[in-house]
Amino acid sequence: MNSPSTSRFFRLTLLLTLLIGFHPVSAQKMPTRTYPGRYYTSVEKLAKFPGGREAMLRFMANNIRFPTSLDRINYKTGPIKVRFIVAPDGKLHDITVDSQAVLLPEAEGGMDEYRISIIRAIEKMPRWIPAKMGGMPVAMLYTIPLKVEN
């Protein structure tokens, strides 16, 4: 949980729907895929965080840390997309964080730290309620667009 001793609070606005027309962004190399099966990008019933959208917003706000090095230089991260596969058992796999290119050399380390903080927060999440197709749990690719207002 954020405390008054940390740098000023940041509000994460999370859009939980897959956005059509979300501008492509550059970022990390594609990681080695660990999820062994097939997954859907479109399903009848979306996977969801236990407790719903508001619970996920609270979880992420409490677990993602915006680096003070970026705060000091008032760095604007631009749009960030977090992607992962929600398996039929609710476990999360293949977490990636995509962001626009870092144009300021002094922001590179802070952005790496921020991406790692996002990945660690996602890794800490409890099992999700899986997506469904035909009433059966299936794996799906889930995308969370993040916007940091600082």
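This report walks through a helix, some paired strands, the salt bridges and a group of aromatic rings in a predicted model.

**The helix H3**

Let's start with helix H3, which runs over residues 108-124 and so has 17 residues. From its first C-alpha to its last it reaches 25 Å, close to the 24 Å expected at 1.5 Å a residue.

Which residues of H3 are buried? They are Gly110, Met111, Tyr114, Arg115, Ser117, Ile118, Ala121 and Ile122. These residues cover an arc of only 155° around the axis, so they sit on the same side of H3. Turn to the other side of H3 and you find Arg120, Glu123 and Lys124, which are exposed. Here is a handy rule to go with that picture: an α-helix has 3.6 residues a turn, so residues three or four places apart point the same way.

**Strand E2 and its neighbours**

Next up is strand E2, made of residues 80-86. Six of its seven residues are buried, so you can think of E2 as mostly covered. Strand E2 pairs with strand E3 (residues 92-99) in the antiparallel sense, over six bridges. Together E2 and E3 form a hairpin with five residues between them. In the turn, look for Gly90, which has a positive phi of about 90°.

E2 also pairs with strand E6 (residues 140-149), again in the antiparallel sense, this time over seven bridges. Within this pairing, Phe84 stands opposite Tyr142. E6 is largely enclosed by the rest of the structure, because seven of its 10 residues are buried.

**A close look at Val86**

Val86 is a nice residue to click on. It is found in strand E2, its bridge partner in E3 is Leu92, and in E6 it stands opposite Met140. Is Val86 buried or exposed? With a relative accessible area of 0%, Val86 is buried.

What does Val86 touch, if you leave out residues up to four places away in sequence? Its contacts are Ala47, Lys91, Leu92, Trp128, Pro130, Val138, Ala139, Met140 and Tyr142. Take Val138 as an example: it is 52 residues from Val86 along the chain, yet their C-alpha atoms are separated by 8.3 Å.

**Salt bridges**

Side chains of opposite charge can pair when their charged atoms come close. How many salt bridges does the count come to? It comes to three, and here they are:

| Salt bridge | Closest N to O distance |
|---|---|
| Arg53 and Glu54 | 3.1 Å |
| Arg83 and Asp98 | 3.4 Å |
| Arg115 and Asp112 | 2.9 Å |

In the pair of Arg53 and Glu54, Arg53 is partly exposed at 43% relative accessible area, and Glu54 is partly exposed too, at 46%.

The salt bridge of Asp98 with Arg83 has its closest N and O atoms 3.4 Å apart. This pair links distant parts of the chain, with Asp98 in strand E3 and Arg83 in strand E2, 15 residues apart. Asp98 counts as buried at 10% relative accessibility, while Arg83 is partly exposed at 27%.

Now back to H3. Arg115 and Asp112 both lie in this helix, three residues apart, or about one turn of the helix. Arg115 counts as buried at 13% relative accessibility, whereas Asp112 counts as partly exposed at 43%.

**Aromatic rings**

A pair of aromatic rings is described by the distance of the centres and the angle of the planes. A search of the whole structure finds six aromatic pairs. In one of them, the rings of Phe49 and Phe59 have their centres 5.7 Å apart and their planes at 50°, so the pair is tilted. The pair links distant parts of the chain: Phe49 is in the loop between strand E1 (11-14) and helix H1 (52-63), and Phe59 is in helix H1, 10 residues apart. Phe49 is buried, with a relative accessible area of 5%, and Phe59 counts as buried at 17%.

Phe49 has a ring partner in Trp128 as well: the centres are 5.9 Å apart and the planes stand at 85°, so this pair is edge-to-face. It also links distant parts of the chain, since Trp128 is in the loop between H3 and strand E4 (131-133), 79 residues from Phe49. Like Phe49, Trp128 is buried.

To see the wider group, highlight Phe49, Phe59, Phe84, Trp128 and Tyr142, which ring pairs link into a cluster. Two of these names should ring a bell: Phe84 stands opposite Tyr142 in E6.

Conventions: Residues are numbered from 1 along each chain as its sequence is written. This is a predicted model: local features need pLDDT of at least 70, side-chain atom pairs count only at pLDDT 80 or more; totals for chains, interfaces and linings use all residues. Side-chain values use heavy atoms; hydrogens and water are left out. Helices (H or I, at least four residues) and strands (E, at least two) are DSSP runs, numbered from the N terminus. The expected span of a helix is 1.5 Å times one less than its number of residues. Buried means under 20% relative accessible area, exposed over 50%, partly exposed in between (1.4 Å probe, protein chains only). The arc is that of the directions from the helix axis to the C-beta atoms. Two strands pair if DSSP finds at least two bridges between them. Contact means heavy atoms within 4.5 Å. A salt bridge is a side-chain nitrogen of Lys or Arg within 4 Å of a carboxyl oxygen of Asp or Glu. Rings of Phe, Tyr and Trp (its six-membered ring) pair if their centres lie within 6.5 Å; planes under 30 degrees apart count as stacked, over 60 as edge-to-face and the rest as tilted.
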